[in-house]
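Here is a short report for a reader who has not met this structure before. Look over the sequence and the model, then read on.

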Amino acid sequence: MTEAEREQQLRDQLLVEMAAAVEMMLELTRHAHRSESMICLGATQQQSRLEAARERFVGSQRKR
């Protein structure tokens with residue numbers, strides 16, 4: 001594995017960990033507020049967007 005490949009692998013792992021942290025924060029936000037509140041609705045929307053981004057990321061990883 002080249003140095004560039006190692007760096008890319010570390011960046012990819014960092015992205016995965018950051019996405020997991022954001023997803024956990026969104027989930028905590030959804031549980032901390034009433035389901036009809038605006039912040040809960042926004043967290044649900046952002047969680048959907050995060051899931052779509054994760055699917056695109058995984059798809060791009062498989063293409064390599």
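The text below goes from the overall fold to the helices, the pocket and a few single residues.

**Overall fold**

This is a predicted model. The chain has two helices and zero strands. Its radius of gyration is 15 Å, well over the 11 Å that the globule rule gives for 64 residues, so the chain is more spread out than a compact globule. The principal axes give another view: the C-alpha trace spans about 50 × 20 × 10 Å along them. How much of the chain is buried? Of its 64 residues, 12% count as buried.

**The two helices**

Helix α1 covers residues 3-32. Helix α2 covers residues 38-63. Does the length of each helix fall in line with, or depart from, 1.5 Å a residue? For α1, the 30 residues should span 44 Å, and the end C-alpha atoms are 43 Å apart, which agrees. For α2, the 26 residues should span 38 Å, and the end C-alpha atoms are 38 Å apart, which agrees too.

Which residues of α1 are buried? They are D12, A19 and L26. The buried residues of α1 pack against α2. On the other side of this pairing, α2 buries C40, A43, Q47 and L50. These buried residues of α2 pack against α1. An α-helix has 3.6 residues a turn, so residues three or four places apart point the same way.

**The largest pocket**

About 160 Å³ of space lies in the largest pocket. Both α1 and α2 give two or more residues to its lining. Which residues line this pocket? They are L15, V16, A19, L50, A53, R54, F57 and V58. Helix α2 gives the most to the lining, with five residues. By class, the lining has seven nonpolar, no polar and one charged residues. Two of the lining residues, A19 and L50, were met above: A19 is buried in α1, and L50 is buried in α2.

**Three residues of α2**

The table sets out the exposure of three residues.

| Residue | Relative accessible area | Class |
|---|---|---|
| Q47 | 6% | buried |
| R54 | 32% | partly exposed |
| M38 | 68% | exposed |

Take Q47 to begin with. Q47 lies in helix α2. Its relative accessible area of 6% is under the 20% cut-off, so Q47 counts as buried. What does Q47 touch? Leaving aside neighbours within four places in sequence, Q47 is in contact with E23, L26, E27 and R30. One of these partners, L26, is buried in α1.

R54 is also found in helix α2. At 32%, R54 falls between the 20% and 50% cut-offs, so it is partly exposed. R54 is one of the residues that line the largest pocket. Beyond its neighbours within four places in sequence, R54 is in contact with A19, A20 and E23. Among these, A19 lines the largest pocket as well. How far apart are R54 and R11 in space? Their C-alpha atoms are 14 Å apart, while 43 residues separate them in sequence.

M38 lies in helix α2. Its 68% is over the 50% cut-off, so M38 is exposed. M38 and R49 are eleven residues apart along the chain, and 17 Å separates their C-alpha atoms.

**In brief**

The chain holds two helices. The buried residues of α1 pack against α2, and those of α2 pack against α1. Both helices contribute to the lining of the largest pocket.

Note on methods
Residues are numbered from 1 along each chain as its sequence is written. This is a predicted model: local features need pLDDT of at least 70, side-chain atom pairs count only at pLDDT 80 or more; totals for chains, interfaces and linings use all residues. Side-chain values use heavy atoms; hydrogens and water are left out. Helices (H or I, at least four residues) and strands (E, at least two) are DSSP runs, numbered from the N terminus. The expected span of a helix is 1.5 Å times one less than its number of residues. Buried means under 20% relative accessible area, exposed over 50%, partly exposed in between (1.4 Å probe, protein chains only). Contact means heavy atoms within 4.5 Å. On a 1 Å grid over the protein atoms alone, a cavity is a set of points where a 1.4 Å probe fits but cannot get out, and a pocket is an open set with protein on both sides within 12 Å along at least five of seven lines; lining residues have an atom within 4 Å of a point. Grid points are joined across faces, edges and corners, and a volume is the space filled by probe spheres set on the points. Ala, Val, Leu, Ile, Met, Phe, Trp, Tyr, Cys and Pro count as nonpolar, Asp, Glu, Lys and Arg as charged, and the others, Gly among them, as polar. The radius of gyration is taken over C-alpha atoms; the globule rule is 2.2 Å times the number of residues to the power 0.38.
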